[in-house]
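Please walk through this structure with me, one region at a time. Keep the viewer open as you read.

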Amino acid sequence: NWLEKDLASAGNKWKFVLMHVPPVYSAKTHANDGKLTQHLVPLFVKHKVNLLLTGHIHNYQRSKPFSINGSTIEVDKKFDGNTVRKTAWPICIVSGAGGAELYDQKLATNPGAWQPFTANFQAGYSFSIIDVNGPKLQFTQMSVDGKVLDRIVLEK
């Protein structure tokens with residue numbers, strides 16, 4: 001109840017949800033929690049959460065814009081890889097590559113094994129930067145040596 005009330009009160013502002021364990025929307029399923037998906041994700045969609053930021057999995061992952069139709073995941077075919085305009089589904093980020101032993105390093109170099117909604121997967125140590133400028137948000141994932149690993153722009 002408190003989460004729904006909080007999300008509703010934010011109106012049309014940028015909405016971020018931070019969680020430790022990701023729902024089922026990550027490239028590797030070892031940490032996914034179906035209860036989170038069943039109970040929380042519909043609230044994120046209903047209240048137009050822009051970014052779902054999680055950790056727990058020790059690597060970096062970003063989803064493409066997608067939606068759920070029953071049990072089917074439908075990836076936004078118009079997505080150009082760099083800019084998201086007014087999607088109803090939050091972009092899901094796993095930013096868990098901050099210091100502990102990294103997971104799934106071989107998976108990062110095998111896009112054919114990723115989930116269909118996975119846009120980017122990085123196995124090296126990295127950190128996230130979010131810049132918001134009015135109706136434009138830029139999310140950047142940086143390696144520890146300053147290399148840009150991923151960048152996406154969201155527009156309201």
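Does Phe79 count as buried or exposed? With a relative accessibility of 16%, Phe79 counts as buried, because the limit for that class is under 20%. Before going further, please keep in mind that this is a predicted model. Phe79 sits in the loop that runs between strand E5 (72–75) and strand E6 (83–85). For a partner in space, look at Lys64: the C-alpha atoms of Phe79 and Lys64 are separated by 7.4 Å, and the two residues are 15 residues apart along the chain.

A second loop gives another such pair. Glu101 is placed between strand E7 (91–95) and helix H4 (105–108), in the loop there. The relative accessible area of Glu101 is 65%, so this residue is exposed. From Glu101 to Gly124 the C-alpha to C-alpha distance is 10.0 Å, with their positions 23 residues apart in sequence.

Let us turn to the salt bridges. How many does the structure hold? There are three salt bridges. In one of them, Lys46 pairs with Glu4, and their closest N and O atoms are 2.5 Å apart. Lys46 belongs to helix H3 and Glu4 to helix H1, so this pair ties together parts that are 42 residues apart in sequence. Lys46 counts as exposed, at 55% relative accessibility, while Glu4 is partly exposed at 26%.

Another salt bridge joins Arg62 and Asp150, where the closest N and O atoms are 2.6 Å apart. Because Arg62 lies in strand E3 and Asp150 in strand E11 (residues 148–155), the pair ties together parts that are 88 residues apart in sequence. Are these two partners buried or exposed? Arg62 is buried, with a relative accessible area of 4%, and Asp150 is buried as well, at 5%.

Strand E11 comes up again in the salt bridge between Lys136 and Glu155, whose closest N and O atoms are 3.9 Å apart. Here Lys136 is in strand E10 (residues 136–143) and Glu155 in strand E11, so to speak a link between distant parts of the chain, 19 residues apart. Both ends are partly exposed: Lys136 has a relative accessible area of 42%, and Glu155 has one of 23%.Next come two residues whose backbone angles deserve a look. Which sign does phi have in Lys48? Lys48 is not a glycine, yet its phi is positive, at about 55 degrees. You will find Lys48 in the loop between helix H3 (41–46) and strand E2 (51–54), where it is exposed with a relative accessible area of 57%. His56 is the other case: phi is near 70 degrees, again a positive value in a residue other than glycine. The loop between E2 and strand E3 (60–63) holds His56, and at 31% relative accessibility this residue counts as partly exposed.

Now for the pockets. The second largest pocket has a volume of about 190 Å³. Its lining consists of Trp2, Leu3, Asp6, Leu7, Ala10, Trp14, Lys15, Phe16, Val17 and Leu40. Which elements supply at least two residues of this lining? Helix H1 (2–9) and E1 each do, and H1 gives the largest share, four residues. By type, the lining of this pocket divides into eight nonpolar residues, two charged ones and no polar ones.

Phe16, one of the lining residues of that pocket, also takes part in a feature on the surface. Together with Leu18, Ile130 and Val132, Phe16 makes a nonpolar surface patch of about 350 Å². Strand E1 (16–18) and strand E9 (126–133) are the elements that give two or more residues to this patch. Leu18, for instance, is found in strand E1. With a relative accessible area of 64%, Leu18 is exposed, because that class begins at over 50%.

How values were computed: Residues are numbered from 1 along each chain as its sequence is written. This is a predicted model: local features need pLDDT of at least 70, side-chain atom pairs count only at pLDDT 80 or more; totals for chains, interfaces and linings use all residues. Side-chain values use heavy atoms; hydrogens and water are left out. Patches are made of residues with over 30% relative accessible area and no salt bridge: like charges are joined within 9 Å, nonpolar side chains (Val, Leu, Ile, Met, Phe, Trp, Tyr) within 5 Å. Accessible areas come from the Shrake-Rupley method with a 1.4 Å probe; for residues, only the protein chains shown count as cover. A salt bridge is a side-chain nitrogen of Lys or Arg within 4 Å of a carboxyl oxygen of Asp or Glu. Buried means under 20% relative accessible area, exposed over 50%, partly exposed in between (1.4 Å probe, protein chains only). On a 1 Å grid over the protein atoms alone, a cavity is a set of points where a 1.4 Å probe fits but cannot get out, and a pocket is an open set with protein on both sides within 12 Å along at least five of seven lines; lining residues have an atom within 4 Å of a point. Grid points are joined across faces, edges and corners, and a volume is the space filled by probe spheres set on the points. Ala, Val, Leu, Ile, Met, Phe, Trp, Tyr, Cys and Pro count as nonpolar, Asp, Glu, Lys and Arg as charged, and the others, Gly among them, as polar.
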